[in-house]
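Please work through the exercises below with the sequence and the coordinates at hand. Each task is followed by a solution in steps.

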Amino acid sequence: MPNASSHFLTLALLLCVTAQAAAPAVIDWNVARQHWSFVPPKVQPLPVVKDATWPRERVDRFILAQMEKRSLTPAAPADARTLIRRVTLDLTGLPPTPDEVAAFVTDTRPDAYTRLVDGLLGRRAFGERMASLWLNLARYAEDQAHQVGGNSSLNYPNAWRYRDWVISAFNSGLPYDEFIKKQLAVDLIEPQNEADLPALGFLGLGHKLYARGRLDVQAEEWAEKVDAVSQTFLGLTVGCARCHDHKFDPITMRDYYALAGVFASVQMVNRRPDGKDEDGKLNADKMDAGTLHIVRDDSSSRDLPVYDRGDMESPGAVKVPRGYLQVLSRDKPVNFQQGSGRGELAAQIADASNPLTARVIVNRVWDMLFGKPLARTTSNFGATGDKPTHPELLDDLAVRFMQNGWSVKKLMRELVLSATYRQSSQGSMANARLDQANEQFWRMERRRLSIEQYRDAVLAVSGNLELEGGASMELDAAKHHKRTLYSKVSRRELNKTLMLFDYPDANVHAARRSSSTTPTQKLFLMNSSFMIEQSKALASLIQQSAADDTSRIRHIYALLFAREPLAEEAALAQTFLRETAADSTLTGWQQLAQALLASNEMLYVD
């Protein structure tokens, strides 16, 4: 009698044979294209609302209409101090200074808030804030997940040049459709601009594996590029069709290998300033300081067969032309004819007729500003993804985003000027009973700062923040006082502080960040050398700012929280300073500074 293991093996083999013999699913493409995200978005008529005095921007009509249907009422407007701290952190990743807060609070001009927003959008810090969002989508990293001994030839010592390009692109107002094209195929766009070549780091900083001459290893590298491109720009999980037709979406294995053929026709290279490629065996520390990690087309393009169940030893008889997804093509799949097809792929993704591209980025920006997206699964707009809570609003924003020149700055300006964004985070019990999860955006979400925002804010208020960019530094380096964005990111071993505060795994595209609350986070705030160093610097800064503790307490609250201390808080601080004995390392003021830096009010934005 066969044992359980042999029975299981027999069953597994039968299943494989069945899967191999099964005919591919027949897709009715007309029906498939009726899925909400494949239907081209249209400008929507403005909803009728009862309270016509509340909306400030077009988006507010859509939000308010849904609220009123559910008997919800908007939260009160946030006060001026809360609003300036919120919008400054959201648009620049840095807190406002006490002088900026005072100027805004006392500015009685009707357009005071608009002036504030326009000023923030014009700062270099805006591009740095946006890069923090983008680099996680692009799975930015400076090394590989594996390294054999001292062989660092597959690492990226100048990855920061791609990061600097992203910052510059957002700050210059580069239209998003051009932003896409340059990252996928700037070397194929005329006229050529050498300053834009670092954009190819989106592909050029992908995974490199050992034994790259083997077909199965190459297939892994193609796969991660298909995955990164499709999820980042299209919000689709095309990688799921590598071994079989997608189980839920109208994406076939043919679609997958049509895209994979594009990346099979591309080489990842380290391009020196003289235009020549570095020796592929050269270690990272020996590479020229001006080397760019980019891609170029092979001398000959390469179509791929459909590999049975993704097995590279089982190629199909017929090769699939390089091309685009059939569900996003008007009729038959669009085939690519020019070189690898990168330029044509970029053009298809960035085309205004593409129903996904604008929706996906608008949804990401909404998530960034409001703490939750309109469509919850930000990188999965397929059948298993969540439908948007406000589909008409998402469509309206997407179409107008394209009509406004694909301008990210204009989109963000409209959103932060809206009455929806300006609401308080304090809600009502009546609303909470009807919509506890705040699905209808009847108040602002209270959000924890990202590790970049928090660390940068700590450095800023302590007077230690250095604003220059450039090459990356180890996050824990004692002299690293630059913005956190300028820290090294590793695939092999992510920095423990980044990991502790939910920085995502750099091996894969990260749709959005999680937000955890753990005891170890507070232990870091209490015990890390970084926090102790900044607490000492902050205490010194505060003690030099005034001669008496009453004024000093007011100043530290203005610096950290953009407000005056409550009478109870001021009294408590006075008592703490009076009764707390200095320990062997920290004075009373240094301990108070650390306690306030570690407070929830410092960690969160209302």
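The exercises that follow concern a predicted model.

**Exercise 1. Compare the expected span of helix 7 with the distance between its end C-alpha atoms, and describe its course and surroundings.**

Solution.
1. Helix 7 covers residues 124-137, which is 14 residues.
2. The expected span is 1.5 Å times one less than the number of residues, and for helix 7 this gives 20 Å.
3. The end C-alpha atoms of helix 7 are 21 Å apart, which agrees with the expectation.
4. Helix 7 nevertheless bends by about 25° at A131.
5. Of the 14 residues in helix 7, 12 are buried, so that the helix is mostly covered; among them are F126, E128, R129 and W134.
6. After helix 7 comes R139, which has a positive phi, near 45°.

**Exercise 2. Classify the ring pair of Y176 and W406, and state which parts of the chain this pair ties together.**

Solution.
1. The structure contains 21 aromatic pairs.
2. For Y176 and W406, the ring centres are 6.5 Å apart and the planes meet at 25°.
3. Planes under 30 degrees apart count as stacked, and therefore the pair of Y176 and W406 is stacked.
4. Y176 belongs to helix 9 (residues 176-185), whereas W406 lies in the loop between helix 15 (391-403) and helix 16 (408-417); the pair therefore ties together parts that are 230 residues apart in sequence.
5. Both Y176 and W406 are buried.

**Exercise 3. Classify the ring pair of F401 and W406, and determine whether these residues are buried or exposed.**

Solution.
1. The ring centres of F401 and W406 lie 5.7 Å apart, with the planes at 70°.
2. Planes over 60 degrees apart count as edge-to-face, so the pair of F401 and W406 is edge-to-face.
3. Buried means under 20% relative accessible area. F401, at 3%, is therefore buried, and W406, at 6%, is buried as well.
4. Ring pairs link F401 and W406 into a cluster that also includes W134, W165, F170, Y176, F179, F202 and F233.
5. A352, in the loop between helix 13 (342-349) and helix 14 (357-370), touches M402 and W406, residues up to four places away in sequence not being counted.

**Exercise 4. Identify charged ends that sit over the rings of Y421 and W442.**

Solution.
1. Over the ring of Y421 sits the charged end of R86, 5.6 Å from the ring centre.
2. Over the ring of W442 sits the charged end of R443, at 5.3 Å from the ring centre.

**Exercise 5. Describe the surroundings of S340.**

Solution.
1. S340 is located in the loop between strand 4 (315-320) and helix 13.
2. The relative accessibility of S340 is 1%, so S340 counts as buried.
3. The side chains of S340 and D297 are joined by a polar contact of 2.7 Å.
4. When neighbours within four places in sequence are left aside, the contacts of S340 are V262, S265, V266, D297 and R322.

**Exercise 6. Apply the span test to helix 22 and describe its two ends.**

Solution.
1. The 13 residues of helix 22 (residues 549-561) should span 18 Å, and the end C-alpha atoms are 18 Å apart, which agrees.
2. At the start of helix 22, a side-chain oxygen of D548 comes to within 3.3 Å of the backbone nitrogen of T550.
3. Helix 22 is followed by A562, with a positive phi near 60°.
4. Buried residues of helix 22 include R552, I556, Y557 and F561.

Notes:
Residues numbered from 1 in each chain as written. Predicted model: local features only at pLDDT ≥ 70, side-chain atom pairs only at ≥ 80, totals over all residues. Heavy atoms only, no water. Helix = DSSP H or I, 4+ residues; strand = E, 2+ residues; numbered from the N terminus. Bend = angle between axes of the 7 residues up to and from the residue. Buried < 20%, exposed > 50% of the residue type's maximum accessible area, 1.4 Å probe, protein only. Phe/Tyr/Trp six-rings, centres within 6.5 Å; stacked < 30°, edge-to-face > 60°. Lys NZ or Arg CZ within 6 Å of the ring centre and 35° of its normal. Contact = heavy atoms within 4.5 Å. Polar contact = N/O pair within 3.5 Å; in protein donor to acceptor, adjacent residues only side chain to side chain.
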